[in-house]
Amino acid sequence: MVEVPAGSFLMGSDLAPDEKPRHEVTLAAFAIDRFEVTVADYRACVQAGRCGPPGADAGCNWPQSARSDHPINCVTWQDASSYCEAVGKRLPSEAEWE
């Protein structure tokens with residue numbers, strides 16, 4: 001994981017209607033994973049019964065046997081949250097992600 005120091009930044013945009021108003025946000029320090037969760041990581045969680053299977057539509061990495069080291073995709077917010085809980089972590093807040 002990577003430590004992100006505490007600090008302030010301008011969040012949002014005055015140009016995009018759904019991001020108004022631009023405003024200052026101050027965050028406490030937090031840690032975030034350096035790399036995405038892989039298909040193999042997520043598969044272990046599914047096999048342990050702690051996560052539900054993700055989507056398997058075209059473009060999803062889950063059903064592709066050669067993509068075990070690719071990032072998991074086609075998961076819902078709830079799937080991602082369940083994975084984080086299973087490994088003792090949490091999803092970042094919207095402000096932390098931005």
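**Exercise 1. How much space lies in the largest pocket, and which residues are the closest to its centre?**

Before you start, keep in mind that you're looking at a predicted model.

*Step 1.* Start with the volume: the largest pocket holds about 690 Å³ of space.

*Step 2.* Now look at the lining. There are 22 residues in it, and V37, C84, L91, P92 and W97 are the closest to the centre.

*Step 3.* Next, sort the lining by element. β4, α2 and α3 each supply at least two residues. The top contributor is α2, which gives 4 residues.

**Exercise 2. Find the residues that make up the largest nonpolar core, and say which helix gives the largest share of it.**

*Step 1.* List the members. You should get 8 residues: V37, V39, Y42, C45, C51, W62, I72 and Y83.

*Step 2.* Check the helices. The largest share, 3 residues, comes from α1, which runs over residues 39-47.

*Step 3.* Don't stop there, though. A second, separate core has 5 residues, including M11, V25, L27 and F30.

*Step 4.* Zoom in on C45. Leaving out residues up to four places away in sequence, C45 touches R50, C51, Y83 and A86.

**Exercise 3. Work out why the buried residues of α1 sit on the same side of the helix.**

*Step 1.* Pick out the buried residues of α1: they are V39, Y42 and C45.

*Step 2.* Look down the axis. These residues cover an arc of only 120°, so they end up on the same side of α1.

*Step 3.* Ask what covers them. Part of the cover is α2, residues 77-86.

*Step 4.* Follow the chain past the end of the helix. After α1 comes G49, and its phi is positive, near 80°.

**Exercise 4. Find the salt bridges, and say which parts of the chain the K89 and D33 pair ties together.**

*Step 1.* Count them. A pair qualifies if a side-chain nitrogen of Lys or Arg is within 4 Å of a carboxyl oxygen of Asp or Glu, and the count comes to 2 salt bridges.

*Step 2.* Take the pair K89 and D33, whose side chains meet at 2.7 Å, N to O. K89 lies in the loop between α2 and α3, while D33 lies in the loop between β4 and α1, so the pair ties together parts that are 56 residues apart in sequence.

*Step 3.* Check the accessible areas. K89 is partly exposed, with a relative accessible area of 35%, and D33 is also partly exposed, at 30%.

*Step 4.* Move on to R90 and E96, whose side chains meet at 2.9 Å, N to O. Here E96 is buried, with a relative accessible area of 15%.

Technical notes: Residues are numbered from 1 along each chain as its sequence is written. This is a predicted model: local features need pLDDT of at least 70, side-chain atom pairs count only at pLDDT 80 or more; totals for chains, interfaces and linings use all residues. Side-chain values use heavy atoms; hydrogens and water are left out. A nonpolar core is a set of buried Ala, Val, Leu, Ile, Met, Phe, Trp, Tyr and Cys residues joined through side-chain atoms within 4.5 Å. Buried means under 20% relative accessible area, exposed over 50%, partly exposed in between (1.4 Å probe, protein chains only). Contact means heavy atoms within 4.5 Å. The arc is that of the directions from the helix axis to the C-beta atoms. On a 1 Å grid over the protein atoms alone, a cavity is a set of points where a 1.4 Å probe fits but cannot get out, and a pocket is an open set with protein on both sides within 12 Å along at least five of seven lines; lining residues have an atom within 4 Å of a point. Grid points are joined across faces, edges and corners, and a volume is the space filled by probe spheres set on the points.
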